[in-house]
Amino acid sequence: IIAVEIAERFAYYGISSNLITFLTGPLGESTAAAAAQVNAWSGAASLLPLLGAFIADSFLGRYRTIILASLLYILGLGLLSLSAALPSVSNSGDRSTDNIILSSSAQFQVTLFFFSLYLVAFGQGGHKPCVQAFGADQFDRQDPEECKAQSSFFNWWYFGICAGTFITLWILTYIQDNLSWTLGFGIPAIVMVVGLLVFVLGTTTYRYSIKGDEENPFLRIGRVFILAVRNWKTTSSAIAAEEEARGTLPTESSKQFKFLNKALLAPDGSKEQGKVCSTGEIEEAKTVIRLVPIWAASLFYAIVYAQTITFFTKQGATMDRSITAGFKIPAASLLSFISLTIMVFIPIYDRIFVPLARALTGKPAGITMLQRIGTGMLLSAISMLIAALVEMRRLKTAEECGLVDKPNVTVPMSIWWLLPQYILSGLSDVFAMVGLQEFFYHQVPKELRSVGLALYLSIFGVGSFLSSFLISAIEKMTGEGGQDSWFANNLNRAHLDYFYWLLAALSAMGLALYLCSAKSYIYARGST
């Protein structure tokens, strides 16, 4: 199961990590337009898991959805490789700075490229939430040892993902930048085929969730909200009387979102099964509502996360990337240091930090899921502060060397200056990313765990769209009157430092909102 996920991440980051370079190179888009396209695609890829999870949890089951999504993924990657083999737009037709008149062959390439790209997004939408949920399903939460192992699984799962990403960023980005985009997109297709074969080989060893005769969880939870709305005139005394009649003891959970308790009564006063909701069904609905503030506060973290594959990469492309006299590392390769940081710190976290924290707190995971997520958000905000300071130095170096109007000349400042912001991004992922995965898996009803993980992924989808909107709005506001915007194609005249300061401020705001939400959060029974 982990093997197929490593293959999928290898393929996904083989596209996403250097996508902005392909868009601004062979497809000839501007920096701002390309960044918006990358964010839009990343957003779609992160929101489509909601559809995939719904199909898996309601109809096909996780195993079948993984198989079908993988086949769709492979088809998309194959077509993507084909589109890259066609003559590039940058060599077709008449071209000015922001206006490209495309020949029919170039138009076909652009159409095929984006069709293939979004086909990959649909494949990923079915694959991503189901594989992780299917992996976590292999552990029995009733067994104390397997319960601890499941918490550890989420750490090693992310370790495996980052191992695949690390290999991608050092091998594929070099192939794409220096050899061939066709080969650079073709290799991920081959890796996905191998990953799918490995996954299928384990078919007879897996544990499968057997669906009983229970009602569809979407209908069950939806009925709670419908009844609560229909009973909006019901008095609190009537609800209290019904709770007392059912022998329900008041708890901290029952006092939250009390308007949903109205679903205990039917509008016509009937108590027939199907016309009223049980206390357990109401608790399920409350569990879903409790996730909303955490989900919303996490969007600020997701906006920052979106920058690592866009402006961080463009920043690095302007700097001195020489390792030896004849070798330059691709700018996108620095993304591998996020993966490397995660690969170094996850074993430290899992084997040293967790046992020490467990001894102090008595909690199986050492610290609570919400504490882990909050720590990651704080580190993410600090990474933006560092990024702003480094960009200020890069701009100052370009000005001192007279390179402000020479965007194609390398700024004499080592690309390794960007390393701290990448390392901090990796550290924040060790805490926040893994914490969010575990949180959204455990805090939803059992039958909706694919949907829970899809909700976690949707944070980054909506975050990417918000980032895209933010970039477009700032580009329009700061580029009025013919002046250089914050995201000018000539980064030596742009002001990414201002953008990073803005993101640092937004991160601080998001962290404050998160802390307020976490303080009042009530965990689902049996999980912290």
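These exercises work through a predicted protein model, each with a solution in steps.

Residues are numbered from 1 along each chain as its sequence is written, and side-chain values use heavy atoms, with hydrogens and water left out. Local features need pLDDT of at least 70, side-chain atom pairs count only at pLDDT 80 or more, and totals for chains, interfaces and linings use all residues.

**Exercise 1. The whole protein**

Find how many helices and strands the protein has, and what percentage of its residues count as buried.

Solution.
- Start with the elements. Helices (H or I, at least four residues) and strands (E, at least two) are DSSP runs, numbered from the N terminus. The protein has 18 helices and six strands.
- Next, burial. Buried means under 20% relative accessible area, exposed means over 50%, and partly exposed lies in between (1.4 Å probe, protein chains only). Of 528 residues, 55% count as buried.
- Then the surface. Accessible areas come from the Shrake-Rupley method with a 1.4 Å probe; for residues, only the protein chains shown count as cover. The total is about 22,600 Å², and 65% of it belongs to carbon and sulfur atoms.
- Last, contacts (heavy atoms within 4.5 Å). Among contacts with a separation of 6 or more, 81% join residues 24 or more positions apart.

**Exercise 2. A nonpolar patch**

Work out which element gives the largest share of the nonpolar patch on the surface.

Solution.
- Patches are made of residues with over 30% relative accessible area and no salt bridge: like charges are joined within 9 Å, nonpolar side chains (Val, Leu, Ile, Met, Phe, Trp, Tyr) within 5 Å.
- List members. They include Leu 51, Phe 54, Ile 55, Leu 68 and Phe 122, and the patch has about 880 Å² of accessible area together.
- Sort them by element. α4 (49-60) and α5 (62-85) each give two or more residues. The largest share, five residues, comes from α4.
- Place Phe 122. Its helix is α6 (residues 104-136). Phe 122 counts as partly exposed because its relative accessibility is 45%.

**Exercise 3. Salt bridges**

Describe where the partners of the Arg 9–Glu 5 and Arg 223–Glu 281 salt bridges lie.

Solution.
- Recall the idea. Side chains of opposite charge can pair when their charged atoms come close. A salt bridge is a side-chain nitrogen of Lys or Arg within 4 Å of a carboxyl oxygen of Asp or Glu. The whole structure has nine salt bridges.
- Take Arg 9 and Glu 5. Their side chains meet at 3.9 Å, N to O. Both lie in helix α1 (residues 2-16), four residues apart, about one turn of the helix.
- Add the general rule. An α-helix has 3.6 residues a turn, so residues three or four places apart point the same way.
- Check burial. Arg 9 is buried at 5% relative accessibility, and Glu 5 is buried at 1%.
- Widen the view. Glu 5, Glu 8, Arg 9 and Lys 128 are linked in a network of salt bridges.
- Take Arg 223 and Glu 281. Their side chains meet at 3.4 Å, N to O. Arg 223 lies in helix α9 (residues 217-230) and Glu 281 in helix α12 (residues 279-305), so the pair ties together parts 58 residues apart in sequence. Arg 223 and Glu 281 are both buried.

**Exercise 4. Helix lengths**

Compare the expected span of α8 and of α18 with the distance between the end C-alpha atoms.

Solution.
- The expected span of a helix is 1.5 Å times one less than its number of residues.
- Helix α8 (residues 181-201) has 21 residues and should span 30 Å; its end C-alpha atoms are 31 Å apart, which agrees.
- Helix α18 (residues 496-519) has 24 residues and should span 34 Å; its end C-alpha atoms are 34 Å apart, which agrees.
- See what covers the buried residues of α18. The cover includes α12, α13 (311-317), α15 (369-400) and α17 (449-478).

**Exercise 5. One buried serine**

Find which residues Ser 70 contacts, leaving aside its neighbours within four places in sequence.

Solution.
- Locate Ser 70. It lies in helix α5. Ser 70 counts as buried, at 0% relative accessibility.
- List the partners. Ser 70 is in contact with His 127, Met 192 and Leu 196.
- Look at Met 192 and Leu 196. Both are among the buried residues of α8.
- Note the separation. Ser 70 and Leu 196 are 126 residues apart along the chain, and their C-alpha atoms are separated by 6.8 Å.
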